[in-house]
Amino acid sequence: MSSGVLIGMLIGIMLVLFLLKVPIYISMPLSGVIVMLINDSMKWGTVAMKMHVGVDTFTLLAIPMFLMAAKIMNTGGITRRLFQFCNSLVGWLPGGLGHVNVLASVVFAGMSGTAVSDAGGLGSIEIEAMTEHGFDKEFSIAVTAASSTLGPIIPPSIPMVVYATVAGASVGALFMAGIFTGVLMAVIMMIVVAIYAVRRRYPRGPFPTVHSFFKALRQGILPLLAPVILLYGIYSGKFSPTESAVIVVIYSLFLSCVVYREVKWADIVRIVRETVRDSCTIAMLIAGATLFGYVAVRLQLPQKLLEMMTSVVSSKWTLLIILNIFLLIIGCFLETASAITILVPLILPMLAAYGINDVHFGVIMVLNLMIGLLTPPFGLVLFVLSRIGKISVGRLAVVLLPWMGALLVALLLVTFIEPITMWLPTTLGLMG
């Protein structure tokens, strides 16, 4: 049987399983196994080995640690203190709490690494505070949803850890590439907040007094040290990006259990249980996608895609436009880790052929998939905030349209102005 027919069967079987609502971590390896059986190349030892290799990496240990740190911070009052500190910094600007919402997401991103943690942890605090101070509920939910996308862009970032594992890229370089990208996104969002604030006459807080500022600083200084410790440790060589995740967990536990004393033993048991559940799901996704990728490579799917693309694409900029459109569509249907593990092995040969840096593309890909978290039919942040804010998913998707436009502007700037992502990792000598 020809490889073209087998490729069609591989993709077709996986799509059918998706439509039958078979979990993704089962659909991917199962479609690979079925095609191997049809092609008479089935070896159970190979299946087990490839799935094991997919998760047998030190880098992936960072994922459960960052997940656990975010859950501890949400439970232990750390997110609330961060919000209060951010309010003292920018709450006096037009549309004050809207700016606070964005800035709090920037700070929280430096500790959590996920958009859903941001939306679920800070979201309820932000929405309640904004509606109490006279902001429209829909606007409050929309800015919360948009700002949550900063979580996986500003380091640390779980999607970037997954991308680095699959692509063989430097985690440290990816983390640094996300800093200016996240700042750019935050600035664009704050401009949108200011426009809304002027048009709708949203309130602003009083300019902070010296006493109120230092009071907020005193409450927020210890949580604010977490990203400082993390980044200093990584780039001074004290510990690796993976080890930094453990440091964040220990520090979060110290603050929540010893300093603030808001986390009880029952909370820790629940947090560990939820972390294990979420981590196992991600590990199964990566293992299944590794097998799927192995079968796809054996069938020469990446090579055929490269041949097809090179026949119609004349430059790397054209390719980047096509990939952006493709990823925006994919982000509407696939969970982030699944999309990365499925697509990166297929896209890497194209990047190499057109001279596109894998770190630059990693940021582009994660940003695309974060936009996908805000889009129906499967946008996870959309569903989380729909539940928290008690608003329909359809209505929230409509309200988010201006924010989607702002995020697309950021995506275009990051795509076509490469120094936004590459200057910092290059300057720090992280590009190998």
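This passage describes helix packing, salt bridges, a surface patch and backbone details in the structure above. The model is a predicted one, and residues are named by their position in the chain as its sequence is written.

Helix packing offers a convenient way in, with helix 9 as the starting point. Helix 9, which covers residues 158-167, packs against helix 16, residues 336-354. The axes of these two helices lie 9 Å apart, and the angle between them is about 40 degrees. An angle under 35 degrees would have counted as roughly parallel; helix 9 and helix 16 are therefore oblique to each other. Their crossing is right-handed. Helix 9 also meets helix 10, the two axes coming within 9 Å and crossing at roughly 140 degrees. Roughly antiparallel would require an angle over 145 degrees, so helix 9 is oblique to helix 10. The crossing of helix 9 with helix 10 is likewise described as right-handed.

Another contact in space involves residues that are well separated along the chain. Tyr25 belongs to helix 2, which runs over residues 24-38. The C-alpha atoms of Tyr25 and Ser338 are 8.1 Å apart, although 313 residues separate the pair in sequence. Tyr25 is partly exposed, as its relative accessibility is 27%.

Charged side chains supply a further set of links. Six salt bridges are found when the whole structure is searched. One of them joins the side chains of Arg200 and Asp136, with a distance of 3.1 Å from N to O. This pair links distant parts of the chain, 64 residues apart: Arg200 sits in helix 10, whereas Asp136 is placed in the loop between helix 7 (115-132) and helix 8 (137-148). Both partners can be seen from outside to some degree. Arg200 has a relative accessible area of 41% and is partly exposed, and Asp136, at 37%, is partly exposed too.

A second long-range pair is formed by Lys316 and Glu418, whose closest N and O atoms are 3.5 Å apart. Lys316 lies in helix 15 and Glu418 in the loop between helix 20 and helix 21 (419-427), so this salt bridge ties together parts that are 102 residues apart in sequence. Lys316 counts as partly exposed at 21% relative accessibility. Because buried means under 20%, that value falls just outside the buried class. Glu418 is partly exposed as well, with a relative accessible area of 23%.

What separates Glu274 and Arg270 along helix 13? The two residues are four positions apart in that helix, and hence about one helical turn lies between them. Glu274 and Arg270 form a salt bridge in which the closest N and O atoms are 3.5 Å apart. Glu274 has a relative accessible area of 22% and is partly exposed, while Arg270 is partly exposed at 30%. The pair is also part of a network of salt bridges that links Asp267, Arg270 and Glu274.

Nonpolar side chains come together elsewhere on the surface. Which residues form the nonpolar patch? Its members are Trp317, Ile321, Ile325, Ile329, Val409, Leu412, Leu413, Phe416 and Ile417, and together they have about 760 Å² of accessible area. Helix 15 (316-331) and helix 20 (401-416) are the elements that give two or more residues to the patch. Val409 serves as an example from helix 20. With a relative accessibility of 43%, Val409 counts as partly exposed.

Two loop residues deserve a look for their backbone geometry. Most residues other than glycine have a negative phi. Arg201, however, has a positive phi, near 55 degrees. Arg201 is located in the loop between helix 10 (171-200) and helix 11 (210-235). Is Arg201 buried or exposed? Its relative accessible area of 77% makes Arg201 exposed. Arg261 offers a second case, again with a positive phi near 55 degrees. This residue lies in the loop between helix 12 (241-259) and helix 13 (265-298). Arg261 is exposed, its relative accessible area being 61%.

Key. This is a predicted model: local features need pLDDT of at least 70, side-chain atom pairs count only at pLDDT 80 or more; totals for chains, interfaces and linings use all residues. Side-chain values use heavy atoms; hydrogens and water are left out. Patches are made of residues with over 30% relative accessible area and no salt bridge: like charges are joined within 9 Å, nonpolar side chains (Val, Leu, Ile, Met, Phe, Trp, Tyr) within 5 Å. Accessible areas come from the Shrake-Rupley method with a 1.4 Å probe; for residues, only the protein chains shown count as cover. A salt bridge is a side-chain nitrogen of Lys or Arg within 4 Å of a carboxyl oxygen of Asp or Glu. Buried means under 20% relative accessible area, exposed over 50%, partly exposed in between (1.4 Å probe, protein chains only). Axes are lines fitted to C-alpha atoms, for helices over the stretch in contact, and angles run from 0 to 180 degrees between N-to-C directions. Angles under 35 degrees count as roughly parallel, over 145 as roughly antiparallel, 65 to 115 as roughly perpendicular and the rest as oblique. A crossing is left-handed if the near helix is turned anticlockwise from the far one by less than a right angle, and right-handed if clockwise.
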